[in-house]
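Colleague: I'm new to this one. Could you walk me through it?
Modeller: Sure, let's look at it together.

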Amino acid sequence: MRVISFFIFLIITSTAIAEEDPRFSISIGAFFTDRDSQTRVDGESGRGTDVDLEDDLGLEKSDTVFRVDAYWRFAEKHRFDFSAFDLSRSSSKQIEREIIWEDTTYPISSTVETEFDLAIYKLGYTWMFLKRDRSFLGATVGLYIADMSATLSASGGGSVESSDLTAPLPVIGLRGEHRFADRWAIRGSGEIFAVDYGDYEGSLYDVFVGLDFSVTKAIAVGVGINSVKLDVGVSKNSFQGDVDWQYEGALAYLKFDF
């Protein structure tokens, strides 16, 4: 609530010289992530093991990935936003406890090779209900799409289990921006999801804050932070279980306005 109140105060009191907002903007850069991922995949024979992907299977906790964010302002107070990045990882580790993944049991001290593919796509529509000069506050609706594929295999050609999940989760939230000087702007967004319907039950939050410095009228450099927590139970033919993921980190990017 404090963040929302801060943006409203900045927009109402803004005295910046009005300039035409860009119709299209794209940011490309690096996302320095720190992750905490727990996943359970149930099988026909019963409940699987709650697995910490970093501690139990040895997946890297921290990594740097390429990220793209963009928006298209198709009307004065309306725009579409898009983000995409890949959080895929792989590992090989001698496990320290028995793990049941779907219908396969991996005994203690066996070496398990893991391929964990995860692509994140975010799509959103924003209505800027409060707009003052070069500042705005808008309501957002959209989709947070997690496209996951996890494969566990015993070293030496043993048992292999693969699980796939594409979770298109609807989100609502707020998005705002304030240009407080000729070359400086602060922007942020907050989105949430909570549902108990059909194949999905759980919650999600996604918070972003960024600071931009305009090098020219069309080019800016920026830094930001993004924190996401996803906890969803899934009951589908291709995936039954629970995903409890959290990732957060810093961004450094180039932003191009058109």
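**Burial and overall build**

Modeller: The protein chain has 258 residues, and 47% of them count as buried. Keep in mind that this is a predicted model.

Colleague: Okay. How many helices and strands does the protein chain have?
Modeller: There are 14 strands and 1 helix in the protein chain.

Colleague: And what does the C-alpha trace span along its principal axes?
Modeller: About 65 × 35 × 30 Å.

Colleague: Let's talk surface. Which residues form the negative patch?
Modeller: That negative surface patch is made up of Asp86, Glu113, Glu115, Asp117, Asp147 and Asp164.

Colleague: Which strand gives the largest share of the negative patch?
Modeller: Strand β8, which covers residues 111-132, with 3 residues in the patch. Glu115 is a residue of β8.

Colleague: Why does Glu115 count as partly exposed?
Modeller: Because its relative accessibility is 44%, and partly exposed covers the range between under 20% for buried and over 50% for exposed.

Colleague: Switching topic: which residues make the nonpolar surface patch?
Modeller: Val141, Ile172, Ile192, Tyr205, Val207, Val209 and Ile225 make a nonpolar patch of about 590 Å².

Colleague: Which strand gives the most to the nonpolar patch?
Modeller: β12 does, with 3 residues. As for another member of the patch, Ile172 sits in strand β10, residues 160-178.

Colleague: Back to β12, then. Is Asp212, which lies in that strand, buried or exposed?
Modeller: Asp212 is buried, because its relative accessible area is 4%, and buried means under 20%. The strand itself, β12, runs over residues 200-214.

Colleague: What does the side chain of Asp212 have a polar contact with?
Modeller: With the side chain of Tyr253, at 2.5 Å.

Colleague: One more spot: where is Gln240?
Modeller: Gln240 is in strand β14, which spans residues 240-257.

Colleague: What is the relative accessible area of Gln240?
Modeller: Its value is 41%, so Gln240 counts as partly exposed.

Colleague: And how are Gln240 and Arg40 placed, in sequence and in space?
Modeller: Along the chain, Gln240 and Arg40 are 200 residues apart, while their C-alpha atoms are separated by 8.2 Å.

Colleague: Could you recap the two patches for me?
Modeller: Sure. The negative patch takes its largest share from β8, whereas the nonpolar patch gets the most from β12. That second strand is also where buried Asp212 lies.

Key: Residues numbered from 1 in each chain as written. Predicted model: local features only at pLDDT ≥ 70, side-chain atom pairs only at ≥ 80, totals over all residues. Heavy atoms only, no water. Patch = residues over 30% accessible without salt bridge, like charges linked within 9 Å, V, L, I, M, F, W, Y side chains within 5 Å. Areas by Shrake-Rupley, 256 points an atom, 1.4 Å probe, with all protein chains shown as cover. Salt bridge = Lys/Arg side-chain N within 4 Å of Asp/Glu carboxyl O. Lys, Arg positive; Asp, Glu negative; His and termini not counted. Charge placed at Lys NZ, Arg CZ, Asp CG, Glu CD. Helix = DSSP H or I, 4+ residues; strand = E, 2+ residues; numbered from the N terminus. Buried < 20%, exposed > 50% of the residue type's maximum accessible area, 1.4 Å probe, protein only. Polar contact = N/O pair within 3.5 Å; in protein donor to acceptor, adjacent residues only side chain to side chain.
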